[in-house]
Amino acid sequence: MLYDIRQTTTYSYQVPVRVVRQVLRMTPVDRIGHQHVIAHILDIDPDPAELEHGIDFFGNGLTWLTIDQPHGHLSLTTRSRVDVTSTALPDPAETLLVDDVRAAALEEADLGPDAAAHGLFPSRAVPLDPEITEWTATSFRGDRPVLEAGLELMHRVYEDFTYQPGATHVATPPHEAFAAKAGVCQDFAQVMIAGLRGLGLPARYVSGYLRTIPPEGQPRLEGADATHAWVEIWCGPEAGWIGLDPTNAIPVGDDHIILAVGRDYADVAPVDGVIVTSGDHRLSVGVDVAPVVR
């Protein structure tokens, strides 16, 4: 699938901001086996005094910017054309057993960006929680195929939790979202990750976009008008990382466009940094993901 993607993020400040120093993760990059970025443009208003682009450890596109003039708003607009070609989901019943994946993760010597080790331990935004671990363990007998168990867990999150914007905020820890059984895609992904890591199974956080136009006769998917989030579970050295979307109870496919990958939301936050001001601000985000007819 070929997509044209547009995202507009606007900060409106109550009091003019004197200085901004930020890092953006708003640039999709090529992901082997999933997507190829054909073109990308980032527009920033007001114009930054300093601008630098790079790639982080996990292969995510980064932009560092500094604005050193007083301004009452900051507008970040990205436009991308991305070609997505997902690989077929392996037969869940034929994936490695849970116990074998747990052992393989500990035996892996690789410490590169896609290594299982980076998704194995607690991270800044996803600490381990005994209640989440116990709840997750119901699906993960040691002699069960890991992807079969992962799909069941994905469906349990979808069925047991309510998609409710405003029930949580960006810094809500997984145990609070778990207790409330409510939240948004970020919360569902981090609850699922916490449960998997508590069982010694590698899992990582993915941010991106979700196709806005559903198939004819099908309901609109949750998260289609903003950036989206889902989980990748490591299914062993051969199967590798496989994406699962607990917000919509579907495996990741051609409708999902990857923006950034990390251990949790803190690794992939689209805008992070420091501003010098006083007073409050208002944030608005608009996303449009449109299939391109070839």
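A pocket here is an open set of points on a 1 Å grid over the protein atoms alone, with protein on both sides within 12 Å along at least five of seven lines, and its lining residues have an atom within 4 Å of a point. The model is predicted, so local features need pLDDT of at least 70 and side-chain atom pairs count only at pLDDT 80 or more, while totals for chains, interfaces and linings use all residues. Numbering runs from 1 along each chain as its sequence is written, and side-chain values use heavy atoms, with hydrogens and water left out.

**View 1. The second largest pocket, between two domains.** Ile-32, His-34, Arg-204, Glu-232 and Trp-241 lie nearest the centre of this pocket, out of 27 lining residues. Its volume is about 700 Å³, meaning the space filled by probe spheres set on the points, with grid points joined across faces, edges and corners. Domain 1 (2–84 + 270–291) and domain 2 (92–267) both chip in to the lining, so the pocket lies between them; the bounds come from an automatic or database domain assignment.

**View 2. A salt-bridge network that includes Arg-204.** Asp-114, Arg-204 and Glu-232 are linked by salt bridges (side-chain nitrogen of Lys or Arg within 4 Å of a carboxyl oxygen of Asp or Glu). For Asp-114 and Arg-204, the N to O distance is 3.1 Å. Asp-114 sits in the loop between helix 1 and helix 2 (130–137) and Arg-204 in strand 9, so this pair ties together parts that are 90 residues apart in sequence. Helices (H or I, at least four residues) and strands (E, at least two) are DSSP runs, numbered from the N terminus. Arg-204 is buried at 11% relative accessible area, whereas Asp-114, at 47%, is partly exposed (buried is under 20%, exposed over 50%, partly exposed in between, with a 1.4 Å probe and protein chains only).

**View 3. The salt bridge of Arg-21 and Glu-50.** Here the N to O distance is 4.0 Å. Arg-21 belongs to strand 2 (residues 19–27) and Glu-50 to strand 4 (residues 50–55), so the bridge ties together parts 29 residues apart in sequence. Arg-21 is partly exposed at 38% relative accessibility, and Glu-50 is partly exposed at 47%.

**View 4. A salt bridge within helix 1.** Arg-102 pairs with Asp-99, their closest N and O atoms being 2.6 Å apart. Both lie in helix 1 (residues 98–107), three residues apart, or about one turn of the helix.

Definitions and conventions: On a 1 Å grid over the protein atoms alone, a cavity is a set of points where a 1.4 Å probe fits but cannot get out, and a pocket is an open set with protein on both sides within 12 Å along at least five of seven lines; lining residues have an atom within 4 Å of a point.
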